[in-house]
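Student: Could we go through this structure slowly, asking at each step what justifies the words we use for it?

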Amino acid sequence: MKIPGSLDKVAVFRLFFDLHADLTLANPDALVPKIRWGLNEIAQEKAKIAVFPELSYHSALESEFISVAKSVGGIIFAGSFVDTARHHRGVVFLPDGQKILVGKSSLTPLELGAGLIPIEEQPTSLYPFHSERAFRCLICKDFLHKGRALSGVDDLHLVAVPAYSDECREMFMTAHQLATIDNIIVLFSNADPTAPSGIFIAAHRATIDGLTQSGHRTATDHDGMIVKLDAEGVILAELNISFPALFTNQLSTASGVPTVGGVRTVMLPRQPK
């Protein structure tokens with residue numbers, strides 16, 4: 001049997017920035033060049049899917065997000081922000097430039113202490129390319145509380161997780177299980193300096209071993225985490241999103257289109273422009 005589908009490039013970012021006590025950006029001027037660098041990477045690489053960290057969204061860059069999403073024909077999970085009603089909202093830009101807001105309902109003690117209000121408003125699934133590829137966005141703790149319930153959702157192919165968390169062990173276990181048992185791709189973009197960003201997808205044993213040998217992951221990582229990034233920058237990889245890893249462990253990587261290819265990381269320049 002040959003694996004059908006084609007490889008689409010994805011970009012998963014890891015960026016550091018400071019927040020005020022109310023969880024708004026402490027220094028937007030320092031973050032803007034990093035986001036613009038990221039958008040340039042998406043455009044240059046023609047990435048079809050990109051994920052930025054939680055609380056990294058800056059509304060001043062909205063037109064630039066829309067322009068890049070339309071130019072590459074891709075979907076950008078642009079991070080999240082705290083709105084004027086004290087709701088925590090994720091921002092997603094679709095290939096036609098449409099902007100979708102995603103609510104966060106599972107708030108941390110820090111968020112509750114800052115006066116944030118849970119909100120359930122979010123689309124069940126997004127269909128940015130065609131009807132058989134359903135995507136979801138769960139912001140950090142929402143993935144911790146709701147991720148396991150995604151097991152068995154038939155049409156779900158990918159979950160984007162914008163995060164700002166140093167407590168990732170349980171989230172990584174959930175992502176590993178979704179990838180290796182349910183064939184759901186998880187793209188985890190983290191802003192916390194103590195925990196990595198990563199891509200979770202079921203892959204052939206030889207692919208996992210090769211990525212370990214090349215330093216993209218360690219032998220102690222969950223098999224579902226095929227690559228991680230500990231520094232500021234971006235993970236770039238080509239993933240078979242239209243056919244995410246069914247039967248992969250039983251097949252040779254030479255059998256049709258593989259599930260993973262072209263994995264590499266690009267470090268953030270010291271002075272991004």
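What follows is a talk about burial, cores and cysteines in this predicted model.

Student: What makes up the protein chain, in terms of helices and strands?

Tutor: The protein chain holds six helices and 12 strands, and of its 273 residues, 56% count as buried.

Student: Why is E111 called buried?

Tutor: The cut-off for buried is under 20% relative accessible area, and E111 has a relative accessibility of 3%, so E111 counts as buried. This residue lies in helix 3, which covers residues 109-113. Leaving out residues up to four places away in sequence, E111 touches L23, E54, H88, K104, S106 and L116.

Student: How do you know that C168 is in no disulfide?

Tutor: A disulfide needs two cysteine sulfur atoms within 2.5 Å, whereas the nearest cysteine sulfur to that of C168, belonging to C140, is 6.8 Å away. C168 is therefore in no disulfide, and the structure as a whole holds zero disulfides.

Student: What makes C137 and C168 buried rather than exposed?

Tutor: Again the limit is under 20%; C137 has a relative accessible area of 5%, so C137 is buried, and C168, with a value of 4%, is buried as well.

Student: Why is a set of residues called a nonpolar core?

Tutor: The name is used because the members are buried residues of certain kinds, Phe and Ile among them, that are joined through side-chain atoms within 4.5 Å. In the largest such core, which has 35 residues, F13, I42, F52, F65 and I76 touch the most other members. Two or more residues each are given to this core by strand 1 (8-14), helix 1 (28-45), helix 2 (62-72), strand 3 (75-82), strand 4 (88-93) and strand 11 (233-239). The largest share, six residues, comes from helix 1.

Student: Which residues is F65 in contact with, apart from its neighbours within four places in sequence?

Tutor: F65 is in contact with I35, L39, F52, Y57, I76, A78 and F93. Apart from the largest core lies another core, of 31 residues, which includes L126, F135, L187 and L229.

Student: Why might nonpolar side chains be found together like this?

Tutor: In soluble globular proteins, nonpolar side chains tend to be buried together.

Student: How much area does the protein chain expose, and what share of it do carbon and sulfur atoms supply?

Tutor: The protein chain exposes about 11,300 Å², and carbon and sulfur atoms supply 52% of that area.

Notes
Residues are numbered from 1 along each chain as its sequence is written. This is a predicted model: local features need pLDDT of at least 70, side-chain atom pairs count only at pLDDT 80 or more; totals for chains, interfaces and linings use all residues. Side-chain values use heavy atoms; hydrogens and water are left out. Buried means under 20% relative accessible area, exposed over 50%, partly exposed in between (1.4 Å probe, protein chains only). Helices (H or I, at least four residues) and strands (E, at least two) are DSSP runs, numbered from the N terminus. Contact means heavy atoms within 4.5 Å. Accessible areas come from the Shrake-Rupley method with a 1.4 Å probe; for residues, only the protein chains shown count as cover.
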